[in-house]
Amino acid sequence: MLSDPRKAPKGSSFILKASDLQLRFCTNETQATREKFVAKLQRLGFDISVPEVFSPAPAATAVLKERGLRPHLLVYDGVLPEFDSVDKTNPNCVVIGDAAENFSYENLNEAFRVLIGLEKPVLFSLGKGRYYKETDGLKLDVGAYMKALEYACDLEAEVIGKPSTVFFQSVLNDMGLQPHEVMMIGDDLVNDVGGAQHCGMKGVQVRTGKYRPSDERHPTVTADGTVDNLAQAVNMILSQRGH
């Protein structure tokens, strides 16, 4: 498995696909529908298809329908179409994602009021990242706002996306593989590596993006390997085949 495919050099995915190894892309992207996300990558020359990409919003939609829940949405406008098929009248839960500028006091307070007014409040968070990196620097991720609502409403959010074991297990089920047969590669020590390891997979961290030197001294999560770039990770996988 690879984390956000935008961080993957195009040649690396081609090399993996040229082998007989299965490849899936796991992302906590919640600012665009999966279809638009993949279309953008295809225009940039990536060999990638929608069924190969696993993201939180489609998974959340499935959970909402299965449990008969009607969400109040605090998400980025670009991902709203993922929830078109879900009944949103008279909300009985809240779904938050990386809403960016939509994380205003007014919008957060509205989500709080929905939750605090429910007898059994349910909060879904599309991932729980602390921050992410854009071209202009680091930005707060959904996890910070999730924690605010958890504290205010005295509840624990249900996380959909990395590092959720249920999320990783859905990818394993799609590949028809057992955890010990799969390796996760990503730059986020806790959500990529730690989440995969908690599910029984191996996790390799790439020294790019969210990576910090302090990650290699983390008190609770230790990567099964650390590499400078994805090309090195691909070489590691191919060299260890059959071992």
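This passage describes the nonpolar cores, a strand-helix-strand unit and one helix of a predicted model. Residues are numbered from 1 along each chain as its sequence is written, and side-chain values use heavy atoms, with hydrogens and water left out. Because the model is predicted, local features need pLDDT of at least 70 and side-chain atom pairs count only at pLDDT 80 or more, whereas totals for chains, interfaces and linings use all residues.

The largest nonpolar core (buried Ala, Val, Leu, Ile, Met, Phe, Trp, Tyr and Cys residues joined through side-chain atoms within 4.5 Å; buried means under 20% relative accessible area with a 1.4 Å probe, protein chains only) holds 20 residues, of which Leu-2, Ile-48 and Ile-185 touch the most other members. At least two residues each are supplied by helix H2 (34-43), strand S9 (183-186), strand S10 (202-206) and helix H8 (230-240), where helices (H or I, at least four residues) and strands (E, at least two) are DSSP runs numbered from the N terminus. Helix H8 gives the largest share, five residues. Another core, of 17 residues, lies apart from this one and includes Leu-74, Ile-96, Met-146 and Leu-149.

Strand S9 is covered on both faces, with Met-183 and Ile-185 buried on one side and Met-184 and Gly-186 buried on the other. S9 pairs with S10 in the parallel sense over four bridges, pairing requiring at least two DSSP bridges, and Gly-186 has Gln-205 of S10 as its bridge partner.

In helix H4 (residues 105-116), the buried residues are Leu-108, Asn-109, Ala-111, Val-114 and Leu-115. Their cover includes strands S3 (71-74), S4 (93-96) and S5 (123-125) and helix H5 (142-153), contact meaning heavy atoms within 4.5 Å.

Note on methods
Buried means under 20% relative accessible area, exposed over 50%, partly exposed in between (1.4 Å probe, protein chains only).
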